[in-house]
Structure formats: structure tokens, C-alpha cells
Amino acid sequence: MSDGGKPRALVLRTVGTNCDRELVRAFALAGCAVDLVHLDRLIADPAPIDRADLIGFPGGFSYGDDIASGRIFAARVRERLWPALRAAAGRGAAMIGVCNGFQVLVQVGLLPGPDAGEPLPPDRAPPATVALTDNAGGRFIDRWVGVEPVGRRCIWTSGLAGRFAPEAMMLPIAHGEGRFVARDEATLAAVEAGGHVALRYADDVNGSANRIAGVCDASGRIFGLMPHPERYLDWNRHPFWTRLDPGARTGPTPGRLIFESAASAVRSVAAG
């Protein structure tokens, strides 16, 4: 917690990330004290990770998405920040990766993560078991889509179920490599059976297996998704917000509620 008693959020940025400021605003609106720190600075001194209650990996095109989306960002995190991130996960820090950040988290090995009760390896990051690859249509997709929360394990999405009408329960997507795939059918079955799926597309958007839009780890505290909740913090960002029933656009938007839910969970843990 910060000196003011607020949860402390850390947002990582690097060359090519372009949604970091939106992520900072999302955490701030959720009542957090936010630090925006460059990856190079964290590699030189990982101490901000040790102080963070929540950690955000933003969207964008890190390092120009050379080789593959998020690959260089993830490689640097795996090689230089794994011990600090593992320790953060071990003490219950909440993490979110959005779009490019989701691609980073799965390549780092934090998502979907080990089964409940199994620790993360201490020395080296585990191999990736799922991936976000080229959209089935082979094109970049930039539009709003319907999404459906799954279960209540994930602290980020636990407040969404039954809260919003379908026309309000939407999020924007903007990706060329967002199709969720697993290493094999057994891995996909384990992701489903283990309760790792936290968000599905209402319809087939990009060919993702089982319409998976977002997954969490076994603790429900580490969450990655391709849609952008940080771009839907205000009702007037909805593509047809003036046509929504006035009763449907009271209180926080679905995007804002995602961050408020995680911040609330962090406060509850701190309060004991």
C-alpha cells in the first residue's frame, strides 16, 4: 500500500507500448496510487515490483512486434525480471495484461500458470503452454465486441456477472494476433477444467479456441485478455452510448469495474 493507504499499482512501459497512459488512468480511477516505469529502469532496479499491489502490462506494439507480438518484451521479462515477478505472484500481487500485455504474460509463463497448489518454478520461467497467434481471418481487427464473464474465480472479472445488459457488456478489440490457441487439446481441456477461462467472446471474433478472450491463473489474481477494458472507462466511449437505456449506464462501466474489482480485492487482503 502507498503512504496514503491506497493500493499501489505499477504499470510497465517500453518502446512501442501505447496504452500505458490509459492503464494508468484506469488504476487511478479505481483508487490506486500509480507508478509508470520503463522496463529498462525495472531491469536495473526491480524494487518497484516488490512494492506493487497491482501490476499492469499495457497494450500496444512493444518493440514494433518484431519477430512476433510481445516476443521481445516477454523475452526481456523472462530473462531479467522473473524472480521479482514470481515473488510478487507468491505474495498475492494482482496482475493484468491487456492485448500486447496478454501476449507477454502467456510467453513469460505466468498465464495460465500451474494448477492450484503448484508453485511457480523459482529459477527460470516455465515454458509457454498457450499462445495468441494470427487472427483466423488473417487481418487486423479493430471494433467493439460482446464479451461474457465466466465464473467468479478471477478477481478482475468477478463483479461483471449479471451486472450489465448484453448491449453494454462490450469491449473494444484492436489486434492482428489475438487468436487464443493451446499447445494441444489436452492443454486446452486443462485450461477449461481448471477454471482458467475468465472471459469469452459472445461470438466468434478471431477464431480463438472456445471463444476464449481472457484467462486467469489458478489464484484468480493474474489475468490476461485481448479486449481493452482501459478504453471503456466512461460510458460515452461506448459506440452507441446514447442509445443505451439510461438505467444501463449508471455506475461504473464494465471496463472500469474490472479495475475497481481488483483494487477492492487487494484492499480486502491488506485489511486482513
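Two strands count as paired here if DSSP finds at least two bridges between them. On that basis, this predicted model has an open sheet of nine strands, with mixed pairing and the order S2-S1-S3-S4-S11-S10-S9-S6-S7. Strand S2 (33–38) and S7 sit at the edges with a single partner strand each, so one side of each is left without a neighbour in the sheet. On average, and with direction ignored, neighbouring strands of this sheet are turned by 25 degrees against each other. Helix H6 (residues 100–108) packs on the sheet, where it touches S3, S4, strand S10 (212–216) and S11. The direction of H6 makes about 120 degrees with that of S4.

As for the chain as a whole, its secondary structure adds up to eight helices and eleven strands. The C-alpha atoms fit in a box of roughly 50 × 45 × 35 Å along the principal axes. A compact globule of 272 residues would have a radius of gyration near 19 Å, and the 17 Å found for the chain agrees with that. Of the 272 residues, 52% count as buried. Looking at contacts with a separation of 6 or more, 77% are between residues 24 or more positions apart. The accessible surface of the chain is about 11300 Å², and carbon and sulfur atoms make up 47% of it.

Back in the sheet, the S2 edge is a handy place to start. Strand S1 (residues 8–13) runs parallel to S2, and six bridges join the two. Within this pairing, Val11 stands opposite Leu36 in S2.

Further along comes strand S4 (residues 94–98), which is mostly covered, with five of its five residues buried. In a regular strand the side chains alternate between the two faces of the sheet. For S4, both faces are covered: Ala94, Ile96 and Val98 are buried on one side, and Met95 and Gly97 are buried on the other. S4 also has a parallel neighbour in strand S3 (residues 54–57), with four bridges joining them; here Ile55 has Met95 of S4 as its bridge partner. Strand S11 (residues 222–225) is likewise parallel to S4 and joined to it by four bridges, and in this case Val98 has Leu225 of S11 as its bridge partner. Met95 and Val98 thus turn up twice, as buried residues of S4 and as bridge partners of Ile55 and Leu225, respectively.

The aromatic side chains add another layer to the picture. The structure holds eight aromatic pairs. One of them is formed by Trp156 and Phe259, whose rings lie 6.0 Å apart, centre to centre, with 90 degrees between the planes, an edge-to-face arrangement. Trp156 belongs to the loop between strand S6 (141–149) and strand S7 (170–175), while Phe259 is in helix H8 (residues 254–271), so the pair ties together parts that are 103 residues apart in sequence. Buried means under 20% relative accessible area. Trp156 has a relative accessible area of 0%, so this residue is buried. Phe259 is also at 0% and therefore counts as buried. Elsewhere among the aromatics, Trp144, Phe164, Tyr232 and Trp235 make up one cluster.

Definitions and conventions. Residues numbered from 1 in each chain as written. Predicted model: local features only at pLDDT ≥ 70, side-chain atom pairs only at ≥ 80, totals over all residues. Heavy atoms only, no water. Phe/Tyr/Trp six-rings, centres within 6.5 Å; stacked < 30°, edge-to-face > 60°. Buried < 20%, exposed > 50% of the residue type's maximum accessible area, 1.4 Å probe, protein only. Rg over C-alpha atoms; globule rule 2.2 N^0.38 Å. Contact = heavy atoms within 4.5 Å. Areas by Shrake-Rupley, 256 points an atom, 1.4 Å probe, with all protein chains shown as cover. Axes fitted to C-alpha atoms, helices over the stretch in contact; angles between N-to-C directions.
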